[in-house]
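Student: I should like a close look at a single part of this model, the largest cavity. Which residues line the largest cavity?

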Amino acid sequence: MKNPVPVVLSIQDMSSIGRCSLTVAIPLLSAFGSQAVPFPTALLCNHLEYPNYEMVDFSEHLRPFMDCWEKNNITFDAIQSGFLASPDQIHIVIEAIERFSKDKLIIVDPAMADDGKLYAVYNDTMVQEMRKLIAHAHIIKPNYTEASFLLGHAYEPETVDEAKIRQLCKELHDLGPRHVIMSGVPHQSEAVVAVYDGETDDLQIVSTTLVPVKAHGTGDIFTAVLTGALMQGYDTLESAKIAANFTTDAVKYTHETIGSMRDGLLFERLLGRLTNLIK
């Protein structure tokens, strides 16, 4: 009998405090009708936006986990990756894809930069290695900063027109993935997400109201909801719309209720919306 609950291997860090990575992927995918299998790349006491943090690299345990899964005949319906602890872990993720994907959906969020800068724990080596990883993906979900780094372009924070957006998406598609979903496209009044199909050269723009606050973990929430929608059979554009609307609503709710974004978005009160979308 076919399992009615899709199984998603989620490869990213686990931060105890701050609502990001696995601590959002697990509840969001579950609420959207999928089983989230955590494959932690690192364990952190809190996310990197706090002034202090402690991190334990989990690299040495990743291959033994995969070896055991293979012995136990464990399979997955999709693989989704996010924040990685080091450039070396990219090779482990590629190995996981080769060992467990078997033509299943691969979604890569090249989580490594924002606001024109790489995260403090990364350097140019991460960018070079990330290009290798996205070549294995069917769908990638960079933000605008990450897209600029992946393509070797200067970061330009000014509003960009549709022709520029198409150029960036096409260049990212040329690196390997069929679909490019680029969030955080600069705009004065809207939160803009570009949804591009490289096989048809079709570009669609998804826009929601821009909430003028700096919110941590929005990309992780977007990717988790996107993955959940895809596993329910929504197409790429529909999934991006669901993810964009949910993320924006979570930002609005957090801003209106507690104001502070330090601990991430208060998405818990909105989980029922995803459950209602299960097919």
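**Lining of the largest cavity**

Tutor: The largest cavity is lined by Q12, S21, V24, A25, Q80, G82, D109, D220, T223 and A224. A cavity here is a set of points, on a 1 Å grid over the protein atoms alone, where a 1.4 Å probe fits but cannot get out, and lining residues have an atom within 4 Å of a point. The model is predicted: local features need pLDDT of at least 70, side-chain atom pairs count only at pLDDT 80 or more, and totals for chains, interfaces and linings use all residues. Residues are numbered from 1 along each chain as its sequence is written, and side-chain values use heavy atoms, with hydrogens and water left out.

The volume of the largest cavity is about 50 Å³, where a volume is the space filled by probe spheres set on the grid points, joined across faces, edges and corners. The count by this rule is one cavity of 30 Å³ or more.

Two helices, α1 (22–31) and α7 (218–231), each supply at least two lining residues; helices are DSSP runs of H or I, at least four residues, numbered from the N terminus. The largest share, three residues, comes from α7.

By character, the lining comprises three nonpolar, five polar and two charged residues. In this division Ala, Val, Leu, Ile, Met, Phe, Trp, Tyr, Cys and Pro count as nonpolar, Asp, Glu, Lys and Arg as charged, and the others, Gly among them, as polar.

Note on methods: 1 Å grid on protein atoms, 1.4 Å probe; cavity = no way out; pocket = protein on both sides within 12 Å on 5 of 7 lines; lining within 4 Å.
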